[in-house]
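Welcome, and thanks for taking a look at this one. Here is a short tour of the charged side chains and how they pair up.

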Amino acid sequence: AAPPGLFISTPEPFHSLRSHPSAEGELLFVGGEGHKTGQGGDTVARYQRLEAWAREHFAVRSVVYRWSTQDNRTFDRVPYIGLAAHDAKHVYLATGFGGWGMTNGTAAGRLLSDLILGRENEAAAVYDPSRFKLGSAPRLIKENINVAAHFIGDRLTGADAKSLSPGKGDIVDTGQGKVAMYKDEDGVVHAFSPTCPHMGCLVDWNPAEKSWDCPCHGSRFSMDGAVIHGPALKGLAPISKPG
């Protein structure tokens, strides 16, 4: 039976469980297979492994929903809660919960209300969005090395356009250079610049969600190039006639 409540395992790869009653019966939310956006490899295989794990441990009748989400983390894994900048007067933010929104969201509500009402809160300095801890610099450097590797290395690969089958997407080599190309189920090709408008990294195709994901900073784009998650503010530039 599904355990009532919310649980998370400690071994890697971790799994999370959350039960929910519904008119059709008990629903069990099973989480796991975490990875950086755009760096998940075969995302379909990740769903398959997650379903296999769920069926191994519970009496699963059917899988009715599948989705992925993104958890924003700060470089030191402590959320940003407080004034957006030291000279800001009325702009507050709360972000970087790293997947722990129910607890960090509650803490954010308490801290922000104290800041707005002018009450002292000893946690304010801990969560200050303008902080920078030198002890966290190695983690920040490590994250940026990972970004740089994709920024440069992604330009060294490319697939053959002839191998693209209906319902699939990939970065393909054409007479116009590299193109982000998706072929829909009707065989119609949708082509875009593979360069993320945010900072110029090359996007990767996510086969499970049928989206273009940026491996550098987490932007995501629909199969037709529209922005579905920032920090990018513009969609992928369309290419009319890929060669």
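Asp173 has a relative accessible area of 41%, so it falls in the partly exposed class. Asp173 is also one half of a salt bridge, with Lys178 as its partner. Do keep in mind that this is a predicted model, in which eight salt bridges are counted.

**The Lys178 pair**
- The closest N and O atoms of Lys178 and Asp173 lie 3.1 Å apart.
- Lys178 has a relative accessibility of 22%, and because the buried class requires a value under 20%, Lys178 counts as partly exposed.

**The Arg119 pair**
- Arg119 and Asp114 form a salt bridge, and their closest N and O atoms are 2.8 Å apart.
- Asp114 is buried, at 12% relative accessible area, whereas Arg119 is partly exposed, at 44%.

**Glu33 and its partners**
- Glu33 pairs with Arg46 in a salt bridge whose closest N and O atoms are 3.1 Å apart.
- This contact joins distant parts of the chain, 13 residues apart: Glu33 sits in the loop between β3 (25–32) and α1 (43–57), and Arg46 belongs to helix α1.
- Glu33 has 15% relative accessibility and therefore counts as buried.
- Arg46 counts as buried too, with a relative accessibility of 18%.
- Which residues are linked with Glu33 in a network of salt bridges? They are Arg46 and Arg49.

Definitions and conventions: Residues numbered from 1 in each chain as written. Predicted model: local features only at pLDDT ≥ 70, side-chain atom pairs only at ≥ 80, totals over all residues. Heavy atoms only, no water. Salt bridge = Lys/Arg side-chain N within 4 Å of Asp/Glu carboxyl O. Helix = DSSP H or I, 4+ residues; strand = E, 2+ residues; numbered from the N terminus. Buried < 20%, exposed > 50% of the residue type's maximum accessible area, 1.4 Å probe, protein only.
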